[in-house]
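I opened my notebook to record what I looked up in this structure, beginning with the whole chain and ending with one chosen residue.

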Amino acid sequence: MGLLKIYKFFLHGVLKLAGISPKKIEIQPGTVVNFWVPTQTTTKPAVVFLHGFAFDGILTWQFQALALAKHYSVYVPDFVFFGDSITDKSERSVEFQAECIAKGLKKLGVQKCTLVGFSYGGMVGFKMAEIYPELVHSMVATCSTMALTESISKARLHRLGFNSWPDFLLPDSVQGVETLVQLASHSFPKFPNFIYKEILEGICKYRREKVELLKALVISDEEFTVPSYHQRIHVLWGKNDKIFEVENGQYLQQQIGEKASVEYIENSGHIVQLERPFKYNSCLNKILPSLSSS
């Protein structure tokens, strides 16, 4: 058993001690979504954490789930083709992911929640806020965009030095994983190669389907219009993000308008919640009470 698998085994045990357990929800025949959910029924405000493209939900949000479980009902799903979530449907759109999470939450009895969406999860979160306004009360968007339009996609890939998103996010070598981690972080140390190899094994799971997800993610500029959100949305960004730079955060705030607030965390890259978890959690603890009550 590899070191990452051992770590996840112990992490899952700690989460269960904190009152969060995994639960598989059948969304429809052939589609099952795995959620980490409160072990006991609770009336605390619901916060739903939506992960990015590299790791599953609980590995992405481990520090936030543990820190917030005392005061919030924490829900951490795996998107379809990540972690333990799967579908036999051919649908690969952001809308489909949003629909699966929303239906799963409703089956879990969640009537209203605050979303915290990171990167790919932010895009799914914005789609959920648009389609299910009665479910999504407010949102925190981290290092993300409303939609990955062709113009944004082209500019970001050019900046990163890649021809396509699968080339960057779905590497096929240890060196590719190392490059991904270094570009996603501000100052992560270099890990031993066996760690990158274990990460690569996780990335390779459902590789073909993930390529299809990335192809469906990019939409034409003409196809996208900025929705009118009724929710309060807090933009929380890594100041040194090399994938979606701070200008993207500023632009996102402008797109949302008066319902948006923005905050930057110094000395952190794209994976800010993993790189500076204590600072990120501090920001969440300050903003979530106002978002939950507004």
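How far apart are the mean positions of the positive and negative charges of the protein? I found 31 positive and 28 negative charges, with mean positions 7 Å apart; Lys and Arg count as positive and Asp and Glu as negative, while His and the chain ends are not counted, and each charge is placed at NZ of Lys, CZ of Arg, CG of Asp or CD of Glu.

I noted that this is a predicted model, in which local features need pLDDT of at least 70 and side-chain atom pairs count only at pLDDT 80 or more, whereas totals for chains, interfaces and linings use all residues. Residues are numbered from 1 along each chain as its sequence is written, and side-chain values use heavy atoms, leaving out hydrogens and water.

Next I looked up burial, and buried residues (under 20% relative accessible area, with a 1.4 Å probe and protein chains only) make up 55% of the 294 residues.

I then turned to R92, which lies in the loop between β5 (86-87) and α4 (94-107). R92 has a relative accessible area of 12%, so I entered this residue as buried.

I checked the partners of R92 and saw that its side chain makes a polar contact (a pair of N or O atoms within 3.5 Å, one able to donate a hydrogen and the other to accept it) with the side chain of E212 at 2.8 Å. The side chain of R92 also reaches the backbone oxygen of K89, at 2.8 Å. Leaving aside neighbours within four places in sequence, R92 is in contact (heavy atoms within 4.5 Å) with F81, T87, E209, E212, L213 and A216.

Terms used: Buried < 20%, exposed > 50% of the residue type's maximum accessible area, 1.4 Å probe, protein only. Helix = DSSP H or I, 4+ residues; strand = E, 2+ residues; numbered from the N terminus.
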